[in-house]
Amino acid sequence: MDKRKSCILMAFFILLLSMDAIFVQAAGNSNANNGNKNNNNNQNGNNNNNNNGNGNSNGNGNGNNNNGNGNGNGNGNNNNNNGKGNGNDDNNSKEDYDVLSPESDGKERAKCKANGACYAKTLTCPNECPQRKPKENKKKKGCYVDCSSKCEATCKYRKANCNGYGSLCYDPRFVGGDGVMFYFHGAKGGNFAVVSDENLQINAHFIGTRPIGRTRDFTWVKAFAVMFESHTLVIAAKRVTHWDDNVDALTVRWDGEAINIPTDGEAEWRTNAEEREVVVERTDDANSVRVRVAGLAEMDVRVTPIGEKENKVHNYQLPSDDAFAHLETQFRFFNLTDLVEGVLGKTYRPDYVSPVKIGVPMPMMGGEDKYQTTSLYSPLCKACRFQRQYGFGEVAQY
């Protein structure tokens with residue numbers, strides 16, 4: 001009888017051990033699943049809600065769809081389809097607002113009109129930057145009203161940042177939509193497609209010089225042609241013999257006609273082109289503007305010369321009667337397609353991987369043969385995607 005009881009007790013003990021193991025395994029599976037769920041949620045959160053997030057929907061680079069790390073450079077995507085980092089915004093609601101009367105202390109206010117979380121909300125400029133368009137632009141930041149999901153009014157300098165996403169400055173040095181810096185020299189007197197997409201093309205006209213003994217040109221960008229629908233907006237630097245900061249060396253043309261940008265009041269020129277509003281506003285008394293083509297692009301542009309010191313340091317050997325006035329620009333794009341082309345445009349593709357050598361002093365980007373156009377106004381190149389509608393004729397000087 002005792003032996004029988006011992007056998008029963010032993011069997012019961014073994015059953016308890018088996019059940020405990022099952023519970024432990026189930027708990028482990030539950031934690032693992034929860035962990036995967038958290039990873040996926042983190043990835044989706046970075047993709048959809050954080051412009052500077054780490055993940056991307058394709059799981060590029062070192063990441064994958066489960067761990068949410070995405071590509072290792074930390075640039076992230078603003079959305080599932082367009083651009084990288086801070087360069088390409090598909091949210092056209094950022095500046096969709098009505099200006100209200102300022103508060104008693106002078107801080108400007110705006111009421112957002114775009115659909116979304118910020119609809120009908122009133123945003124007030126901070127104390128540090130009470131005005132959207134401060135008169136002393138070089139010294140003071142302006143109030144930037146953002147009616148997108150951020151729903152905020154912040155302080156920003158209204159000038160091109162040559163180290164920021166989408167910049168094109170100097171002896172042309174680019175910072176792509178992926179955050180990678182590269183040089184593209186083009187050619188003296190050449191025209192190249194900077195961006196070419198279904199609804200937008202931006203060409204650049206290069207000026208330059210080739211000192212004796214050099215095998216390539218030193219080049220700078222003198223003019224941009226922004227083409228969309230049947231319209232062309234040209235922003236260019238004048239040829240200047242001797243530079244003066246107080247003399248405007250910037251010219252703007254709309255469909256072939258010169259336009260004047262006022263220096264007082266709102267200090268802006270605007271027009272409605274079919275369904276798109278075009279605005280050119282001064283961000284300084286001279287030589288600095290912000291250009292916006294609704295739903296397509298925004299550009300901060302300034303004209304600057306090659307100074308005597310810079311000329312000597314780089315041995316440009318420039319002639320004494322030409323300051324080589326050129327443009328320094330930072331672009332922001334809206335609604336680029338996944339197949340966007342151009343020297344700069346292709347860096348906004350969601351699957352783009354830069355071919356330049358990282359870590360070298362001057363990483364070079366080729367492609368002159370793919371992106372060269374016959375004139376500043378031509379949408380045609382080997383890789384161009386934009387199809388121009390009817391418009392005005394070309395201008396011989398470019």
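**Cavity**

I started with empty space: the largest cavity comes out at about 50 Å³. I am working on a predicted model, where local features need pLDDT of at least 70, side-chain atom pairs count only at pLDDT 80 or more, and totals for chains, interfaces and linings use all residues. Residues are numbered from 1 along each chain as its sequence is written, and side-chain values use heavy atoms, with hydrogens and water left out.

For a cavity I take a set of points, on a 1 Å grid over the protein atoms alone, where a 1.4 Å probe fits but cannot get out. Its volume is the space filled by probe spheres set on the points, with grid points joined across faces, edges and corners. With a floor of 30 Å³, I find one cavity in the structure.

Which residues line the largest cavity? Counting residues with an atom within 4 Å of a point, I get Asp 197, Glu 198, Asn 199, Leu 200, Leu 296, Phe 334, Asn 335, Leu 336 and Thr 337. By type the lining splits into four nonpolar, three polar and two charged residues. Here Ala, Val, Leu, Ile, Met, Phe, Trp, Tyr, Cys and Pro are nonpolar, Asp, Glu, Lys and Arg are charged, and the others, Gly among them, are polar.

**Whole chain**

I count three helices and 20 strands in the chain. These are DSSP runs numbered from the N terminus, helices being H or I of at least four residues and strands E of at least two. Of the 398 residues, 49% are buried; buried means under 20% relative accessible area, exposed over 50%, partly exposed in between, with a 1.4 Å probe and protein chains only.

I also looked at contacts with a separation of 6 or more: 52% of them join residues 24 or more positions apart, a contact being heavy atoms within 4.5 Å.

**Two open sheets**

I call two strands paired if DSSP finds at least two bridges between them. One open sheet has three strands in the order 1-2-3, paired antiparallel. Its edges are strand 1 (97–100) and strand 3 (122–124), each pairing on one side only. Neighbouring strands here are turned by 30° against each other on average, direction ignored; the axes are lines fitted to C-alpha atoms, for helices over the stretch in contact, and angles run from 0 to 180 degrees between N-to-C directions.

Strand 1 pairs with strand 2 (residues 109–112) over four bridges. I checked Asp 98 and found Lys 111 of strand 2 as its bridge partner.

The other open sheet I looked up has seven strands, order 14-13-12-11-10-9-20, again with antiparallel pairing. Strand 14 (257–258) and strand 20 (372–373) are its edges. Inside it, strand 12 (residues 231–237) and strand 13 (residues 250–254) are joined by five bridges, and Leu 233 faces Trp 254 of strand 13.

**Strands 15 to 19**

Strand 15 (residues 268–273) runs antiparallel to strand 16 (residues 276–282) over six bridges, with Trp 269 opposite Val 280. Two residues separate the strands in this hairpin, where Glu 274 has a positive phi near 50°.

Strand 17 (residues 288–293) and strand 18 are also antiparallel, with six bridges; Arg 292 stands opposite Glu 298. That hairpin has three residues between the strands, and Gly 295 takes a positive phi near 80°.

Why is strand 18 (residues 297–304) largely enclosed by the rest of the structure? Because seven of its eight residues are buried. On to strand 19 (residues 326–333): strand 18 pairs with it over eight bridges, antiparallel, and Val 301 has Thr 329 as its bridge partner.

**Loop residues**

Most residues other than glycine have a negative phi. Asn 287 is not a glycine, yet its phi is positive at about 70°. I place Asn 287 in the loop between strand 16 and strand 17, buried at 4% relative accessible area. Asn 315 also has a positive phi, near 55°, and sits in the loop between helix 2 (308–314) and strand 19. Asn 315 is partly exposed at 45%.

Is Asp 178 buried or exposed? Asp 178 is buried, at 5%, in the loop between strand 7 (173–175) and strand 8 (181–183). Its C-alpha is 8.9 Å from that of Gly 166, 12 residues apart along the chain.

Last, Arg 158, from the loop between strand 5 (152–156) and strand 6 (167–169): at 7% relative accessibility it counts as buried. The C-alpha atoms of Arg 158 and Lys 141 are 6.9 Å apart, with 17 residues along the chain between their positions.

How values were computed: On a 1 Å grid over the protein atoms alone, a cavity is a set of points where a 1.4 Å probe fits but cannot get out, and a pocket is an open set with protein on both sides within 12 Å along at least five of seven lines; lining residues have an atom within 4 Å of a point.
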